[in-house]
Structure formats: C-alpha cells, structure tokens
Amino acid sequence: MSRVYNFSAGPAVLPEEVLKEAANEMLDYKGTGMSVMEMSHRSKAFEEIITEAEKDIRDLMNIPDNYKVLFLQGGASQQFAMIPMNLMKNKVADYIITGQWAKKAYKEAQKYGKVNAIASSEDKTFSYIPDCSDLPISEDADYVYICENNTIYGTKYKTLPNTKGKTLVADVSSCFLSEPVDVTKYGIIYGGVQKNVGPAGVVIVIIREDLITEDVLPGTPTMLQYKTHADAKSLYNTPPAYGIYICGKVFKWLKAQGGLAAMKEKNEKKAKILYDFLDESKLFKGTVVKEDRSLMNVPFVTGDEELDAKFVKEAKEAGFENLKGHRTVGGMRASIYNAMPIEGVEKLVEFMRKFEVANTK
C-alpha cells in the first residue's frame, strides 16, 4: 500500500523522514534498549529529548528568554478555560470571533468573567477577518483573544489586531511554525500540535513570564495553573512523552528545511498553485476573500452538493484523502500543512482540472 496524499485538517500529514526515523528507533532509542514510549519521563534519555525539543523550538521561533515554553495536554480546547483562569485578574476579556474555535473559547471564558465579543465575521460565515485596527478594547480587559488561523473557514490574520496595549493571546494551532512570528507581540501564543507539528495529545504554550503567577481564579485546579508546569519544566506529571519526542523530530526537520522563513516561502508557493486554479476555475470556487486567505487550509465548493460529494468520492479513489469540508461550510477543504509536499498540491490541481472537464457541460 503506497502512501496517500493526506489533506486532513488534523491529525494531519507528518514529514515522511520523521516517520521513518521514529520507525527506526521504535524498538531501541539510541542504545537504551527500549522505545521512547516505554521510558520513564524522569530518565536522562527523556530529559535530553524534552530539553532539546525546547531548545529547537526556541531557535525556530526566536523565543525571548522571558517566555516559557510549556508542553501540556488537554489540547487547545483545555486552554479555552486555562487562559481565563490564569489571566482574568479584572475578570474582563475581549474576544474577536472569526470562527468556531474562537467562538468556543469565547463561550468557555464566559464562565469566569465578563467577556466581550469586540469584532466578528459570523455575518458572512466567517469568510473574512474583520478590520482590527481600531477596536472597542475594554479599558480593564485582562487580555484580547484571537484564533489566528481558522482551520474550518480558511482565513488567517495578516495583521495582528491593535490591542491598545492589552495582552494579546492567540491560538495558532493550524498555522503553528508555518512562517516566522514575532513572539514579543503576544502574551500567550499556543497551539495543539496535531495539525502542523506532531501527533495528537500535545499542546504547546509559549507564555510571557509576568503572566505566570500564583494569583489565579479561586478554585483553579493545580493542573490548570501555568505556574505548576513552568516551575516543573513541563514535568509536573507524566507528559505526553512520545508526542513530545515526535515534535522534537519535526523541529529538527524544520531547521533542516531552512527554518520558518524558508517554510513560509514553500507554503506560499504551494497555496498559490491551488488558489490560482480556484480563481480561474469555472467549476470550483474558493470561499474566502482573497486578502484573508490561509496558507494552511483552503476551503472550496462547486455550488452543487451532489457534485461536491462526487468529487470527494472520486478524489479518494484517486489517492487524495480527507478532502470533505467541515459540515458548517460544506464542499471541500484541502489542508496543506508544512509536511504536504508540493507535488501533492500539483497532483490535486491536475485531478481537479480533469474533474472539471468531465463535469461541466
């Protein structure tokens, strides 16, 4: 069985070199006589794995010394609660709603304080990013929250919101490590790794040190306090050890590709192939306004549900997996993360051309 082109939104495609390397080390990691899956998280071998993984992500993202890198569990969804529990000193937060995940985070935060939706693109099925240059930021807001790349709807902030001096918190799950980022513009930047970095089960939180305090909301569980994990260097309890190990390999792979600037260039090239085709196609249409298009997630439709279903079925038979769009948008979605090779996108477009010819009168 040969490998398919996997356009899944997550868990998603991983670099083949990383998978092969992990396969080679499956039974014996570097002479330890055991798999990383079997080793103690307190062992010297694992300590080296997590220390090196942190060093490599710091190098890749140019993370300043006054930010901690935490390898946590519970996915991005657990952060929806953890953020307000740790940051809501005034019990006020401002949220920008650009998709389902921002909306879920907004709803969760309402359990802990006054939460304002200061901008939204729900009026047009989240097909654009609202103008965030002059928002009604609350004077006593503890932070401003965004989801930077919207997996379901295929939009991406090209300019960060003007938070008027308030702490910016961003969920970057689906654009993690896809381009260079200025970490200093954020108080917290976090993401589940299962889209662009590793296997499901790890969430990486990059947090400015002044936001890590004992002053959390009453009743916040020990496990949901950033300080617990920062003080213990992500080893307070047994971490998702194997997942962190794979993330570490992906960081090395990204460095070998030339780092995040090189990845951005590759990602732009890949996305352009697909978007250029969608813009000229008579059958397929992209669903996002041009200036807000994501490089990672590309939703498109034919305008006919039966034809969409036929396309997904025939694409699968031709070796293109997971192209069905999210139920809230319908149609199709191609997620073209870092590890999707350029030929995967070229072949998809070739297939789409043939489908178009066969299905237009």
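User: Which residues of α2 are buried?

Analyst: Happy to help! This is a predicted model, and buried here means under 20% relative accessible area. An α-helix has 3.6 residues a turn, so residues three or four places apart point the same way. Keep that in mind as you read the list: the buried residues of α2 are A45, F46, I49, I50, A53, D56, I57, R58, L60 and M61.

User: What do the buried residues of α2 pack against?

Analyst: Helix α2 covers residues 44–61. Its buried residues pack against both strands and helices, namely β2 (67–72), β9 (188–192), β10 (203–208), α6 (241–256) and α7 (259–280).

User: How far does α2 reach from its first C-alpha to its last?

Analyst: Start with the length, since α2 has 18 residues. At 1.5 Å a residue, the expected span is 26 Å. The model comes close to that expected value, with a reach of 26 Å.

User: Which residue just after α2 takes a positive phi?

Analyst: Most residues other than glycine have a negative phi. Just after α2, a phi of about 55 degrees is found, and the residue that takes it is N62.

User: Are α3 and α4 roughly parallel or oblique to each other?

Analyst: Two packed helices are described by the angle between their axes and the distance between the axes. The axes of α3 (residues 75–87) and α4 (residues 100–109) come within 9 Å and cross at roughly 40 degrees. Angles under 35 degrees count as roughly parallel, so this crossing makes α3 and α4 oblique.

User: How many nonpolar residues are in the contact of α3 with α4?

Analyst: On the α3 side we find S77, F80, A81 and P84, which meet W101, K104, A105, E108 and A109 in α4. By class, this contact has one polar and two charged residues, and its nonpolar residues number six.

User: Where is the cis peptide bond that involves P11?

Analyst: Most peptide bonds are trans. P11 lies in the loop between β1 (5–6) and α1 (16–24). With an omega of about -10 degrees, the cis bond is the one joining G10 and P11.

User: Is K164 buried or partly exposed?

Analyst: K164 sits in the loop between β7 (155–156) and β8 (168–171), and has a positive phi of about 50 degrees although it is not a glycine. Its relative accessibility is 42%. Buried would need under 20% and exposed over 50%, so K164 counts as partly exposed.

User: In which loop does N322 lie?

Analyst: N322 is a residue other than glycine with a positive phi, near 60 degrees. N322 is also partly exposed, with a relative accessible area of 42%. Its place is the loop between β13 (320–321) and β14 (332–335).

How values were computed: Residues are numbered from 1 along each chain as its sequence is written. This is a predicted model: local features need pLDDT of at least 70, side-chain atom pairs count only at pLDDT 80 or more; totals for chains, interfaces and linings use all residues. Side-chain values use heavy atoms; hydrogens and water are left out. Helices (H or I, at least four residues) and strands (E, at least two) are DSSP runs, numbered from the N terminus. The expected span of a helix is 1.5 Å times one less than its number of residues. Buried means under 20% relative accessible area, exposed over 50%, partly exposed in between (1.4 Å probe, protein chains only). Contact means heavy atoms within 4.5 Å. Axes are lines fitted to C-alpha atoms, for helices over the stretch in contact, and angles run from 0 to 180 degrees between N-to-C directions. Angles under 35 degrees count as roughly parallel, over 145 as roughly antiparallel, 65 to 115 as roughly perpendicular and the rest as oblique. Ala, Val, Leu, Ile, Met, Phe, Trp, Tyr, Cys and Pro count as nonpolar, Asp, Glu, Lys and Arg as charged, and the others, Gly among them, as polar.
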